[in-house]
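User: Hello! I'd like a close look at one part of this protein, followed by a walk through some other spots.

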Amino acid sequence: MSASLDRIVAELNPAQREAATAVNGPVAILAGAGTGKTTTITHRIACQVAGGSFRPSQILAVTFTEKAAGELKARLARLGVEGVEARTFHAAALSQLSRLWERHTGTPVGEILDSKAPLIASLANALPVPHKFIPRRDLATEIEWAKNRMVAPEGYVDELDATGHTPPIPANLMERVFAGYERRKRATGRLDFEDMLGLAVRLLDEHEAAASDIRDRFHAFTVDEYQDVNPLQQSLLDRWLAGRDELCVVGDDYQTIYGFTGATPEHLLTFQDRFPSARIVRLEESYRSTPEVLAVANRLTDRLGGFRKELRATRPSGPSPVSRALQNEPAEASFVVDEIRRLHDEERVAFEEMAVLYRINARSERFEEALAEAGIAFQVRDGAFLRRPGPRAVLARLRRGSA
């Protein structure tokens with residue numbers, strides 16, 4: 001190994017080093033929680049560049065959020081690597097469409113919708129009682145689920161039957177909302193985020209010159225959070241690869257959280273079936289949690305199936321966590337509120353010294369309602385409340401009123 005590669009991997013643990021030095025694909029990195037997956041993939045990309053396998057401009061790193069893309073590029077810069085393209089699937093698709101769609105099709109891409117809510121609102125208002133009062137977000141999420149599974153309105157009910165998926169309103173009504181939304185979107189010449197991916201797939205399928213442009217540009221791909229890739233994203237990734245196997249994916253099937261929008265861990269779980277020569281590397285040394293937390297996690301994950309990972313702690317001991325299985329979300333919120341009251345009344349823990357952690361912003365609303373009903377003051381630290389349709393509408397009216 002050269003001196004530059006030795007320097008890049010010097011502080012990695014053995015499993016991280018194995019993954020980082022596997023500079024040619026296919027590679028699947030199974031990264032348990034807190035095991036340093038971002039460190040590993042940034043060092044792998046740095047090794048790809050330092051060892052001469054690929055130029056930075058030939059590498060596309062796909063992340064789940066723009067924030068993660070920025071963090072990846074910042075870490076690469078600290079390793080002396082500049083010029084790697086790091087984007088989300090949607091940002092990468094939009095970049096390619098903006099550069100190539102009109103050139104090869106002769107038509108503009110169209111305006112991108114910030115939100116589905118404006119087109120859904122009147123359709124939802126026309127629903128019969130009580131379905132007309134369902135949150136517009138739930139209807140938008142259901143449309144995303146279908147489109148991410150590459151299902152059109154006319155195939156929606158059949159997909160429900162095939163998957164056992166439960167819609168937020170009766171299937172015939174949801175099909176009507178979905179079809180109406182698509183008609184309105186086409187009539188106004190607009191696109192949503194799923195359309196961007198679909199158009200990128202179309203561009204590569206129907207215009208060989210555009211496909212060659214992208215494939216000549218990118219020779220190696222890294223995909224983060226691969227357990228949350230949906231069929232539409234995988235379809236685009238397949239077009240980028242075009243039969244090549246210079247692919248590194250990193251993920252943890254235990255951490256799949258976007259199934260409600262069509263994501264599935266099956267792409268990760270079947271990676272070796274699709275790439276029989278793939279190298280599988282497990283990251284199991286956790287730098288985030290205490291031995292007590294990992295002991296509970298390891299017991300729970302025994303029941304999950306998938307790829308077995310036994311997380312090992314690198315941190316000192318701490319208090320033992322409590323694991324509770326509750327019947328549903330209202331029961332969970334009630335339990336959390338009761339526990340907050342107990343800690344405050346019996347153990348004299350101040351409210352401001354407690355935190356309720358949840359995996360995605362959509363989970364906050366149930367806890368907010370329960371805390372408000374209990375008369376317990378709280379703060380939502382990331383401001384997600386103000387991004388909901390209701391508060392956004394109120395803010396818009398207040399701004400118009402003060403103009």
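What is the volume of the second largest pocket?

Analyst: Happy to help! The second largest pocket has a volume of about 540 Å³, taken as the space filled by probe spheres set on grid points joined across faces, edges and corners. This is a predicted model, in which local features need pLDDT of at least 70 and side-chain atom pairs count only at pLDDT 80 or more, while totals for chains, interfaces and linings use all residues. Residues are numbered from 1 along each chain as its sequence is written, and side-chain values use heavy atoms, with hydrogens and water left out.

The lining of this pocket is made up of 20 residues. Nearest the pocket's centre are Met 354, Ala 355, Val 356, Phe 378 and Gln 379. Helix 17 gives the largest share of the lining, namely four residues. (A pocket is an open set of points on a 1 Å grid over the protein atoms alone, where a 1.4 Å probe fits, with protein on both sides within 12 Å along at least five of seven lines; lining residues have an atom within 4 Å of a point.)

Glu 353 sits in the loop that runs between helix 16 (329-346) and helix 17 (364-373). Helices (H or I, at least four residues) and strands (E, at least two) are DSSP runs numbered from the N terminus. With a relative accessible area of 62%, Glu 353 is exposed; exposed means over 50%, buried under 20%, and partly exposed in between (1.4 Å probe, protein chains only). The C-alpha atom of Glu 353 is separated by 37 Å from that of Glu 144, 209 residues apart along the chain.

Glu 144 leads us to another glutamate, as Glu 194 is in contact with Glu 144 as well as Lys 116, Lys 147, Asn 148 and Leu 232, leaving aside neighbours within four places in sequence; contact means heavy atoms within 4.5 Å. Glu 194 belongs to helix 10 (residues 193-206) and is buried, at 6% relative accessible area. Its side chain makes a polar contact with the side chain of Lys 116 at 2.7 Å. (A polar contact is a pair of N or O atoms within 3.5 Å, one able to donate a hydrogen and the other to accept it within protein; residues adjacent in sequence count only if both atoms are side-chain atoms.)

Now to strand 7 (residues 247-251): five of its five residues are buried, so this strand is largely enclosed by the rest of the structure. Leu 247, Val 249 and Gly 251 cover one side, and Cys 248 and Val 250 the other. Strand 1 (residues 27-31) runs parallel to strand 7 and is joined to it by four bridges, with Ala 28 opposite Val 249. Strand 6 (residues 220-223) is also parallel to strand 7, through three bridges, and there Phe 221 has Leu 247 as its bridge partner. Strands pair if DSSP finds at least two bridges between them. Together with helix 12 (residues 231-241), strands 6 and 7 make a right-handed β-α-β unit: with the strands pointing away from the viewer, the path from the first strand over the helix to the second runs clockwise.

Finally, Ser 286 lies in strand 9 (residues 285-286) and is buried at 0% relative accessibility. A polar atom of the Ser 286 side chain is 3.4 Å from the backbone nitrogen of Arg 288. Its contacts beyond four places in sequence include Ala 33, Gly 34 and Thr 35.
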